[in-house]
Amino acid sequence: MPHSQTSAPRDSRVGVRLARGASPWLLPTVATAALSLARARRSRRAAAIAVPTTALAAGMLWFFRDPEREIASGRVISPADGVVQSIMPWKDGRTRVAIFMSPLNVHVNRAPLAGTVTSVEHIPGGFVPAFNKESENNERVVWHFDTELGDIEMVQIAGAVARRIVPYIPQGTKVEQGDRIGLIRFGSRVDIYLPEGVEVAVEVGQTTTAGVTRIDRD
């Protein structure tokens with residue numbers, strides 16, 4: 001993979017934009033809705049088609065929203081919007097925090113710590129629902145960050161609906177905490193592995209917000 005030493009831009013305002021990587025889904029849907037609406041006055045058939053296509057386009061705009069956020073302080077912040085699905089001690093002493101993302105969540109993921117991306121690895125796999133135990137073998141992208149806490153691993157996992165993971169930045173990129181790093185289309189799951197000795201501050205069932213919710217405790 002190419003190397004870059006450019007840091008990703010920081011959020012400087014509060015607002016909403018559309019996620020990078022949404023256009024292959026969004027543009028055809030919006031174009032179809034616009035065409036149906038333009039023809040609706042002249043054709044009952046077009047008018048009937050305009051209702052579901054417009055609703056679908058509106059849903060796509062909602063699904064692919066990418067709000068600007070004031071990034072929270074703390075050593076480790078949530079990389080994803082969603083609900084904490086599980087907190088599991090790992091054999092090597094780390095703790096895995098799994099965050100389930102529904103189709104209604106924001107799908108853009110953010111860097112949990114400042115550091116350098118040391119690897120971005122795509123691993124092919126299945127597409128079972130992300131809440132299923134067998135989702136461990138799903139399509140996924142494994143990230144490693146060199147940070148002040150050492151190596152931090154984060155995994156984006158595709159699900160039954162999310163069939164594409166779109167990394168935004170390559171290996172070698174320096175990131176600030178909370179920078180956008182990638183998109184999982186239509187949600188799924190994001191796992192982050194906290195180093196040994198780092199205490200988890202969230203609980204199973206708790207809602208998290210990417211770039212805002214702190215997931216470790218001092």
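## Notebook: burial, core and salt bridges

I began at E153, which counts as buried at 13% relative accessibility. The model is predicted, so I keep confidence in view as I go. E153 lies in strand 8. Its side chain forms a salt bridge with R94, and the closest N and O atoms are 2.9 Å apart. R94 sits in the loop between strand 3 and strand 4, so this pair ties together parts that are 59 residues apart in sequence. I checked R94 too: its relative accessibility is 17%. R94 therefore counts as buried, the cut-off being under 20%.

**Entry: the whole chain**

I looked up the overall make-up next. The chain has 2 helices and 15 strands. It holds 218 residues, and 47% of them count as buried. The exposed surface comes to about 10,800 Å², with carbon and sulfur atoms supplying 57% of it. I then turned to contacts between residues at least 6 apart in sequence: 71% of these join residues at least 24 apart.

**Entry: confidence**

The mean pLDDT of the chain is 81. I note that 71% of the residues reach 70 or more. Where does pLDDT stay under 50? I find this over residues 1-14. For that stretch the model has 33 contacts beyond four places in sequence.

**Entry: more salt bridges**

How many salt bridges does the count give? It comes to 11. I picked out R69 and D81, whose closest N and O atoms are 2.7 Å apart. Both R69 and D81 lie in the loop between strand 2 and strand 3, so the pair ties together parts that are 12 residues apart in sequence. R69 counts as buried at 13% relative accessibility. D81 is buried as well, at 7%.

I moved on to R189 and D191. Their side chains meet in a salt bridge, at 2.7 Å from N to O. Are R189 and D191 buried or exposed? Both are buried. I also found a network: R75, R214, D216 and D218 are joined by salt bridges that share partners.

**Entry: V76**

V76 is in the loop between strand 2 (65-67) and strand 3 (82-89). I read its relative accessibility as 1%, so V76 counts as buried. Which residues touch it from beyond four places in sequence? Among them are P112, L113, L149, Q177, I192 and L194. The contacts of V76 also include T213, R214, I215 and D216. Of these, R214 and D216 belong to the salt-bridge network noted above. I took one C-alpha distance here: V76 and A111 are separated by 9.1 Å, and they are 35 residues apart along the chain.

**Entry: N109**

I went to strand 5 (residues 108-110), where N109 is placed. N109 has a relative accessible area of 0%, so it is buried. I listed what it touches, leaving out residues up to four places away. The contacts of N109 include P79, A80, M101 and Q156. D179, R180, I181, G182, I184 and V190 are in contact with N109 too.

**Entry: the nonpolar core**

I followed I181 from N109 into the core. The largest nonpolar core has 34 residues. Which of them have the most contacts inside it? They are V97, W143, F145, I181 and L194. L194 had already come up as a contact of V76. I then asked which strands supply at least two residues each. Strand 4 (95-101), strand 6 (115-123), strand 7 (140-147) and strand 8 (150-157) are among them. Strand 9 (165-167), strand 11 (180-184) and strand 12 (188-194) do so as well. The general background is brief: in soluble globular proteins, nonpolar side chains tend to be buried together.

I181 also has a contact list worth writing down. Leaving aside neighbours within four places, I181 is in contact with N109, R110 and A111, among others. W143 and F145 are in contact with I181 too. So are M154, P167, Y168, I169 and V175.

**Entry: strand pairing**

I closed with strand 6. Strand 6 and strand 7 run antiparallel, and 7 bridges join them. One bridge sets E121 opposite its partner V142 in strand 7. Strand 6 also pairs with strand 10 (residues 174-175), in the antiparallel sense, over 2 bridges. There, T116 has K174 of strand 10 as its bridge partner.

Methods
Residues are numbered from 1 along each chain as its sequence is written. This is a predicted model: local features need pLDDT of at least 70, side-chain atom pairs count only at pLDDT 80 or more; totals for chains, interfaces and linings use all residues. Side-chain values use heavy atoms; hydrogens and water are left out. Helices (H or I, at least four residues) and strands (E, at least two) are DSSP runs, numbered from the N terminus. Buried means under 20% relative accessible area, exposed over 50%, partly exposed in between (1.4 Å probe, protein chains only). Contact means heavy atoms within 4.5 Å. Accessible areas come from the Shrake-Rupley method with a 1.4 Å probe; for residues, only the protein chains shown count as cover. pLDDT is the predictor's confidence in each residue, from 0 to 100. A nonpolar core is a set of buried Ala, Val, Leu, Ile, Met, Phe, Trp, Tyr and Cys residues joined through side-chain atoms within 4.5 Å. A salt bridge is a side-chain nitrogen of Lys or Arg within 4 Å of a carboxyl oxygen of Asp or Glu. Two strands pair if DSSP finds at least two bridges between them.
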